[in-house]
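Me: I should like to learn how side-chain contacts are read in a model. Please begin with aromatic residues and then turn to charged ones.

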Amino acid sequence: MVAEKKRPERRLARSGSGSFGDPGLLVASGGSGGLVAPAPSSGNSAPLQSTNGTNGVNTNGNNDEPRNGGPRRRRNPLVAASNKTFNPKLIFSQIVAMQCLHYVVLGFFFGVNYLLYGNAVTIDRIFTDKYLNLWSIGGWADNFAVVLSCMCGSILLAIIVEKAKKCLDFSVTLFLIHVIACTLYDGIPGTWDWWIIHIFGAIVMILLGEYICSRRELDEIPLLDF
């Protein structure tokens with residue numbers, strides 16, 4: 001009779017150097033192959049962790065990625081644009097709007113002077129120093145028109161710029177652009193009256209604009225009732 005082959009004994013050994021309650025792998029020794037099977041779960045098994053050691057927390061720096069495998073969320077483009085600290089297109093559009101509206105308001109007050117005093121409305125009144133005079137009654141009509149337009153400019157700052165800390169920058173920019181435009185039109189203004197009136201108007205625009213913007217920033221934000 002052919003002797004029966006003695007089958008090799010198979011022993012189960014626990015992989016790992018933990019205690020008996022710790023999870024591990026059961027390794028079947030003996031024979032060829034070496035099967036590996038997971039150990040049965042116990043009540044005090046440790047929670048699963050991600051392979052990168054961060055316990056499932058998203059660390060790729062992208063807030064759009066879901067943390068718990070949920071649906072991917074799209075970022076609001078308006079919120080992303082408002083979070084930018086430097087936006088050249090927005091700043092340029094604000095400068096253009098301030099400059100154009102300033103000349104519109106100034107032309108409006110010159111039109112009022114035409115109705116009240118019969119002063120002709122010309123481009124020279126805006127871009128030359130011939131009509132601004134501190135020592136004549138006729139010059140004060142144009143002086144008041146410039147100062148009133150600067151006071152209206154402070155309201156435009158509160159509407160267009162909306163930030164008290166930016167009123168100084170936009171007011172000085174408006175004044176410098178006006179000086180450049182006057183220089184290109186008829187040369188550098190050469191009278192002290194012109195400089196005094198415009199510098200005084202710029203100071204009024206800055207201070208009043210900062211005050212109005214700060215008051216608007218302190219207003220309560222209305223909440224919608226659901």
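Me: In this predicted model, is F108 buried or exposed?

Reply: F108 counts as exposed, because its relative accessibility is 54% and the cut-off for that class is over 50%. F109, by contrast, has a relative accessible area of 16% and is buried.

Me: How is a pair of aromatic rings described?

Reply: One gives the distance of the centres and the angle of the planes. Here, the structure holds six aromatic pairs. One of them joins F108 and F109 edge-to-face, with 5.5 Å centre to centre and 70 degrees between the planes. W194 and W195 also form an edge-to-face pair, at 5.1 Å and 80 degrees. Of these two residues, W194 is buried at 0% relative accessible area, while W195, at 25%, counts as partly exposed.

Me: Which residues form one aromatic cluster?

Reply: The cluster consists of Y103, F127 and Y185.

Me: How many salt bridges does the structure hold, and how should such a contact be understood?

Reply: Side chains of opposite charge can pair when their charged atoms come close. This structure holds one salt bridge, in which the side chains of D142 and R125 meet at 2.5 Å, N to O. The pair links distant parts of the chain, 17 residues apart: D142 belongs to helix 4 (residues 137–161) and R125 to helix 3 (residues 124–127).

Me: Are D142 and R125 buried or exposed?

Reply: D142 is buried, at 1% relative accessible area; R125 also counts as buried, at 12%.

Me: Over the face of which residue does R125 lie?

Reply: R125 lies over the face of Y131, 4.2 Å from the ring centre.

Key:
Residues are numbered from 1 along each chain as its sequence is written. Side-chain values use heavy atoms; hydrogens and water are left out. A salt bridge is a side-chain nitrogen of Lys or Arg within 4 Å of a carboxyl oxygen of Asp or Glu. Helices (H or I, at least four residues) and strands (E, at least two) are DSSP runs, numbered from the N terminus. Buried means under 20% relative accessible area, exposed over 50%, partly exposed in between (1.4 Å probe, protein chains only). Rings of Phe, Tyr and Trp (its six-membered ring) pair if their centres lie within 6.5 Å; planes under 30 degrees apart count as stacked, over 60 as edge-to-face and the rest as tilted. A charge sits over a ring if NZ of Lys or CZ of Arg is within 6 Å of the ring centre and within 35 degrees of the ring normal.
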